[in-house]
Amino acid sequence: MRVLLVDDEYYFRQAMKCTFPWEKYNLTICGEAKNGQEALKQIQYQDPDILIVDINMPKMDGLQFLEAAMQINPHMKFIIVSGYSEFEYAKKAIELGVTNYILKPVKNEELEKAVRSILDQREDEEEQSRHMENMKLYIDENQPALREKLFWELLNGSLNPEEEYTKARMKKMRLPLFENRYRIVLMEDYKTGEIKMNRACRTQACEEVYRILFRTLSEECELCQCKDERGRMCVAICDRTGNPVPPNYGKAWERVIIPMLKERHDIVYGVCRICDTCKELPRAYRESDYELRRSYVTNGSWSEEDQQQEPDASGYQVQMATYLNLHDYNKIQDTLKARFDEIRSCREPEMLLMLTVELLAPCIRYLKKYKEPAKPVIERYFQHMFDDMMLLRSVEEYEEYCQQIYSEAIKVTLGVNNIHMSRPVELAIHYIEQHYREPDLTIGRLAKEIYLNHTYLCSVFKKETGLTLNDYLLKYRLKKAVGFMKTGRVLVLEAAEEAGFSNVNYFGKCFKKEFGVTPGQYLGKIKKT
């Protein structure tokens with residue numbers, strides 16, 4: 001390292017050159033100057049690393065020189081030497097970033113201490129510089145993965161995109177700032193009729209989708225993508241023109257890309273509404289997730305066109321259609337159980353949704369033949385089917401849901417209100433449907449009102465329905481409460497009272513146990529959607 005001596009005393013400069021062991025610290029004296037103006041000129045061509053500067057010099061004092069020198073090269077290190085011990089000099093030097101301040105006469109021990117301090121500081125700076133270089137290299141090499149990770153953290157709400165630090169990271173990773181209007185697209189490849197457990201298989205087509213989107217929309221839109229925690233592809237399509245909607249968006253996406261993808265890959269996707277602020281990213285992702293799940297219900301075998309078609313004669317759907325026509329509910333139960341047993345270990349909601357939709361497709365076709373008589377069942381079970389299915393938590397609940405709908409379908413076509421149900425059970429169910437709103441409704445009162453022995457009624461009901469009367473009443477009330485909350489216009493307390501619950505805390509516990517979410521959480525989800 002190179003050292004420049006700046007002092008107006010000639011003999012002091014000579015003593016400094018001769019008495020201090022510069023070689024010990026790999027230092028060399030590259031020059032000397034008797035005032036600040038002379039030193040500034042030397043800095044230009046000597047390029048020193050360390051300057052030893054006297055405070056009190058003619059023409060330009062040491063402090064003025066420090067300010068001027070730092071503008072030329074802010075990386076130089078300084079040792080201040082002075083005969084003055086006044087506090088103001090030291091204070092000004094510290095303000096300029098100089099921490100090494102030595103009083104004359106200079107002792108070698110003090111100068112060595114100052115030199116070692118500068119060398120240690122330089123070593124730390126070099127280490128930090130190497131670290132920053134390595135980090136820059138790492139970021140450059142891993143930028144695609146880091147960019148995807150950052151995008152996912154923005155979508156799942158782990159980061160606040162309005163914070164300055166996060167914005168700086170987004171710029172560094174060349175992510176859009178989501179200041180103009182944008183949409184989040186969540187998509188997954190799914191081939192109808194196959195339960196594919198390999199997530200990688202379901203994203204290969206999505207990679208191709210992204211490439212097509214990029215080629216089609218990149219002139220007017222910024223695009224970025226990542227995988228969510230379930231392996232599905234999330235794509236942000238951000239308008240860079242400031243237009244309310246990118247001109248090519250509707251044309252390219254709705255008229256060209258999606259029909260092509262359905263033809264080739266059966267892409268299942270969800271698209272959020274147009275957003276225009278970065279703080280909406282988590283909501284946009286949740287909305288796209290909701291729409292993707294809904295598409296499992298509305299896609300493929302649930303389209304209007306497919307509802308009119310007969311099922312494939314080689315598949316299990318034709319068996320379900322046959323059993324419906326024969327009114328053979330036992331065979332329907334066996335077929336449902338066999339199909340759900342095949343995916344008993346499946347934990348992916350989309351797979352369960354898709355299988356359930358396929359299992360119910362023959363039922364909706366069957367009910368449509370009966371027109372007006374079947375209308376109440378269609379309105380009750382199929383108008384809000386997706387929302388009902390979102391409350392199901394397990395394979396067993398999906399299976400029970402399908403059994404219930406098939407049961408109702410056969411009731412309609414038989415023209416009666418029961419399947420293998422005795423008159424006592426029929427009377428009990430009818431009474432519950434009429435009086436469930438009454439909080440004081442008890443099984444004892446029910447039995448008395450329909451003129452049946454309490455023990456006998458409970459035994460017959462359990463045998464024929466598989467539920468106790470108390471369980472049936474509770475489930476019926478919870479189902480009615482869900483119906484009230486779906487309107488989005490009632491409070492939890494009001495829904496509980498309307499369904500016959502006198503204690504809202506008890507209602508909350510029962511609701512959470514049955515559906516896996518609290519009434520407040522469910523109501524919040526309804527309001528968001």
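**Aromatic rings, crossing helices and a few unusual backbone spots**

F501, Y506, F507, F511 and Y522 come together as one aromatic cluster. The model in which this cluster appears is a predicted one. Three of the residues in the cluster's list, Y506, F507 and F511, turn up again in a helix contact, because α22 uses them to meet α20.

That helix contact deserves a proper look. Two packed helices are described by the angle between their axes and the distance between the axes. For α20 (residues 469-485) and α22 (residues 504-515), the angle is about 95° and the axes are 11 Å apart. An angle from 65 to 115 degrees counts as roughly perpendicular, which is why α20 is called roughly perpendicular to α22. On the α20 side, the residues involved are L474, K475, L478, A481, V482 and M485. Across from them, α22 brings in Y506, F507, C510, F511, E514 and F515. Sorted by class, this contact has 10 nonpolar residues, two charged ones and no polar ones.

A second crossing involves helix α17 (residues 423-435) and α19, whose axes come within 9 Å and cross at roughly 95°. Here, too, the helices are therefore roughly perpendicular to each other. P424, V425, A428 and I429 make the contact from α17, while α19 supplies Y456, L457, V460, F461, E464 and T465. By class, the contact of α17 with α19 comes to eight nonpolar residues, one polar and one charged.

Back to the rings: a search of the whole structure turns up 11 aromatic pairs. A pair of aromatic rings is described by the distance of the centres and the angle of the planes. One of the pairs is made by Y10 and Y11, with 5.3 Å from centre to centre and 80° between the planes, an edge-to-face arrangement. As for solvent, Y10 has 46% relative accessibility, so Y10 counts as partly exposed. Y11 reaches 71%, and therefore counts as exposed.

Another ring, that of F12, has a charge for company: K104 lies over the face of F12, at 4.4 Å from the ring centre. K104 also has a part in an unusual backbone feature, since the peptide bond from K104 to P105 is cis, with omega near -5°. P105 itself is found in the loop between β5 (100-103) and α5 (108-155).

Two more backbone spots stand out by their phi angles. R174 is not a glycine, yet its phi is positive, near 60°. R174 sits in the loop between α6 (164-172) and β6 (182-189), and its relative accessible area of 57% makes R174 exposed. Y451 tells a similar story: this residue is not a glycine either, and its phi is positive at about 60°. The loop that holds Y451 runs between α18 (443-449) and α19 (454-465), and so leads up to the helix that crosses α17. With 76% relative accessibility, Y451 counts as exposed.

Finally, the whole chain. Its secondary structure adds up to 23 helices and nine strands. Of the 529 residues in the protein chain, 46% are buried. Among contacts between residues at least 6 apart in sequence, 67% join residues at least 24 apart.

Conventions
Residues numbered from 1 in each chain as written. Predicted model: local features only at pLDDT ≥ 70, side-chain atom pairs only at ≥ 80, totals over all residues. Heavy atoms only, no water. Axes fitted to C-alpha atoms, helices over the stretch in contact; angles between N-to-C directions. Helix = DSSP H or I, 4+ residues; strand = E, 2+ residues; numbered from the N terminus. Parallel < 35°, antiparallel > 145°, perpendicular 65-115°, else oblique. Contact = heavy atoms within 4.5 Å. Nonpolar A, V, L, I, M, F, W, Y, C, P; charged D, E, K, R; others polar. Phe/Tyr/Trp six-rings, centres within 6.5 Å; stacked < 30°, edge-to-face > 60°. Buried < 20%, exposed > 50% of the residue type's maximum accessible area, 1.4 Å probe, protein only. Lys NZ or Arg CZ within 6 Å of the ring centre and 35° of its normal.
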